[in-house]
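Open the model in your viewer and keep the selection box handy. We will go from stop to stop, selecting a few residues at a time and looking at what surrounds them.

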Amino acid sequence: MVTYAGRVTDSDEYQIRRFRAGLQDGTVSPETEAWLQAVNRGFHEQAFTPKTLRREAEFIRADDRLMTGVYVDATPVHSVGAEVPVATFTTYTSTLSTGETLLPAHLISDVTVRPTHRRRGLLRRMMTESLTAARDAGLPIAALTASEATIYGRFGFGVATQTSTIELDTTSRFALPSLDRGAVGTVELARREAIAEVAGDIFARFHAATRGSVGRQASYPARIDGTINGHADEPDLTVRAALHYDADGTPDGCVTYQHVESRDAVSEVKVIDLVATGPDSYLGLWNFVGNLDLIQRVRYDAARIDDPLPWAMADTRGYRVTGRDDRLWLRILDPLTCLQSRRWSGDGELSLAVEDPLGLAAGTFDLGVSGGVPSVQQTAAAPRPDADVTVDVASLGSAFLGGATIGALADAGRIRGGGTAVAQLSRMFAVDRAPYCITHF
Ligand SMILES: CC(=O)SCCNC(=O)CCNC(=O)[C@H](O)C(C)(C)COP(=O)(O)OP(=O)(O)OC[C@H]1O[C@@H](n2cnc3c(N)ncnc32)[C@H](O)[C@@H]1OP(=O)(O)O
């Protein structure tokens, strides 16, 4: 019988096991199946069918994920068995685009703790061990997308990118006059099945050029083309797709969308995914979606917060932002590598102290930028009180790609330093566009 007293760090009641997805000749191993079904329960989702279970196992194997399960020795009679983990956590390596380079990134997902085992430190233990292992393996940064905004700051994660939910009025008000000013390319409906063939190449071009983008997991084509349809065995055949082609006929943008029942009897289309490699393909795809017949409104929940679309529209009031959400959370593990990998806009020299509650990225750094080229050196293993500017590691994660400005973080009390040094750091960190991530993981 499980006893429910004490914190996990004080008890030997829990065993942690780490493993890769077990899948042989189309059969999912019992350990992997129990882990996947536990994740589903944790997120209140329907149980996998044999077909969707196999597909999910194939995807997580393709990502080469490390799965962590926390187990108890024994469970009460009639309860789920001891083979089902009470907590889950998974990690894999992908890339984060700084717009200049692709940084290897430690991605964290599928974090669940069973309600009957919560608030005993299981998440803290899994997270601390995982971040420490990633740092020791030389990974400079960790990333996740969060179910709640209050959980991950304590582990050094900061909101690094945000997205808007937008609604477009696509009645006769919708027009993009700027498209007539020399935009090139054409749009054509695509076969749904073709998306899996082209989406990867289009995304790779977007990813390399877009600061804040995270490499997509193996399941992504199936997520955006309707193959993954909740937990149904069959694809969602309401999903449609269109491609934008450049002047040479090469696909350089892709949108998937579906007609949905709206709350207020307005004929509405939901954009599932839209990836464009440049302004022409971006506006071209929106022109297509905005001119669909019989549709009065288009909704999209992953628009840039500095979206060019309203600036291209004849009637900017046809573009409404109905929400804004954090998307990517970043946790710097190696400030030296991270700071050297980004683009700098202003020259300057100052010392930067980084505070880290987990101690992984703490230190004092001399940061110099000359002609936009950075030179960073660690001068102390701990944050020095006499540094020009002091920042906590979560705020550094928010500022890293320009998602939060240094000025806003200073006014929020999260960056400390003399006015001149903070203003200089602000000029050095400034970016021309907000970072943008359209990967959910
Ligand atoms: C990347 C992702 O996968 S996001 C998805 C996260 N998962 C979910 O939302 C599924 C539902 N929730 C859960 O499964 C669990 O409640 C979890 C995973 C959020 C937390 O797991 P627990 O094992 O209870 O967390 P743990 O006991 O280790 O708590 C660690 C700290 O986080 C805090 N905390 C935990 N959950 C929350 C929360 N939902 N909101 C605010 N603080 C929280 C605890 O108070 C504790 O704080 P402290 O150590 O500073 O005192």
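## First stop: the nonpolar core

Select I141 and, beyond its neighbours within four places in sequence, you will find it in contact with L96, L103, A105, L330, R331, I332, L333 and C338. Apart from the core around I141 lies another core, of nine residues; A21, V28, V39 and M67 are among them. Before you move on, keep in mind that this is a predicted model.

Why start at I141? Together with A143, I141 touches the most other members of the largest nonpolar core, which has 102 residues. A general tendency is worth recalling here: in soluble globular proteins, nonpolar side chains tend to be buried together.

## Second stop: the annotated domain

Now select residues 26–177. An unreviewed UniProt entry places the feature "domain: N-acetyltransferase" on this span. Helix makes up 27% of residues 26–177 and strand 32%, and the end C-alpha atoms are 53 Å apart.

## Third stop: around the ligand

Show the ligand and the residues around it. Which of them come nearest? Of the 21 residues in this shell, the nearest are V111, R118, L123, R124 and S147. By type, the shell divides into eight nonpolar, six polar and seven charged residues.

Next, colour β6 (102–113) and α3 (122–136), each of which supplies at least two residues of the shell. The largest share, six residues, comes from β6.

While you are here, pick R119, in the loop between β6 and α3. R119 is not a glycine, yet its phi is positive, near 60°. Is R119 buried or exposed? R119 is exposed because just 10 other C-beta atoms lie within 10 Å, and the cut-off for exposed is 12 or fewer.

For a second example of a positive phi, jump to D64, where the angle is near 55° in a residue other than glycine. D64 sits in the loop between α2 (50–62) and β4 (66–72). With 11 C-beta neighbours inside 10 Å, D64 also counts as exposed.

## Fourth stop: the annotated active site

Select Y152 and F441, the residues covered by the "active site" annotation in the unreviewed UniProt entry.

Begin with Y152, in the loop between β7 (141–144) and β8 (158–169). Y152 has 24 other C-beta atoms within 10 Å, so this residue is buried. Leaving out neighbours within four places in sequence, its contacts are L144, A146, F157 and W329.

Step across to A146, one of those contacts of Y152. A146 is in the loop between β7 and β8 too, and is partly exposed, with 18 C-beta neighbours inside 10 Å. Beyond its neighbours within four places in sequence, A146 is in contact with I151, Y152, D326 and W329. If you like using the distance tool, try A146 and T250: their C-alpha atoms are 36 Å apart in space, and the two residues are 104 apart in sequence.

Then turn to F441, in the segment after α11 (419–429). F441 counts as buried because 21 C-beta neighbours lie inside 10 Å. Where does F441 make contact, apart from neighbours within four places in sequence? The partners are L107, S109, T145, V214 and Q217.

## Fifth stop: strands around β13

Select strand β13 (residues 297–303) together with β8; the two run antiparallel and are joined by five bridges. To find one of these bridges, look for I166 and its partner Y300 in β13.

Now add strand β12 (residues 268–276), which runs parallel to β13 and is joined to it by three bridges. Here V269 has V298 in β13 as its bridge partner.

## Last stop: strand β18

Finish with strand β18 (residues 389–392) and show its side chains. V389 and V391 point one way, T390 and D392 point the other way, and all are buried. This fits a general pattern: in a regular strand the side chains alternate between the two faces of the sheet.

Strand β15 (residues 348–355) pairs with β18 in the parallel sense over four bridges, and V354 has V391 in β18 as its bridge partner. Strand β19 (residues 415–417) pairs with β18 in the antiparallel sense, over three bridges. Zoom in on T390 to see R416 of β19 standing opposite.

Notes
Residues are numbered from 1 along each chain as its sequence is written. This is a predicted model: local features need pLDDT of at least 70, side-chain atom pairs count only at pLDDT 80 or more; totals for chains, interfaces and linings use all residues. UniProt positions are given in the numbering used here, feature names are shortened, and annotations may be inferred rather than shown by experiment. A residue is near a molecule or strand if its C-beta atom, placed from the backbone, lies within 6 Å of it. Ala, Val, Leu, Ile, Met, Phe, Trp, Tyr, Cys and Pro count as nonpolar, Asp, Glu, Lys and Arg as charged, and the others, Gly among them, as polar. A residue is buried if 20 or more other C-beta atoms lie within 10 Å of its own, exposed if 12 or fewer, and partly exposed in between; C-beta atoms are placed from the backbone. Two residues are in contact if their C-beta atoms, placed from the backbone, lie within 7 Å. A nonpolar core is a set of buried Ala, Val, Leu, Ile, Met, Phe, Trp, Tyr and Cys residues joined through C-beta atoms within 7 Å. Two strands pair if DSSP finds at least two bridges between them.
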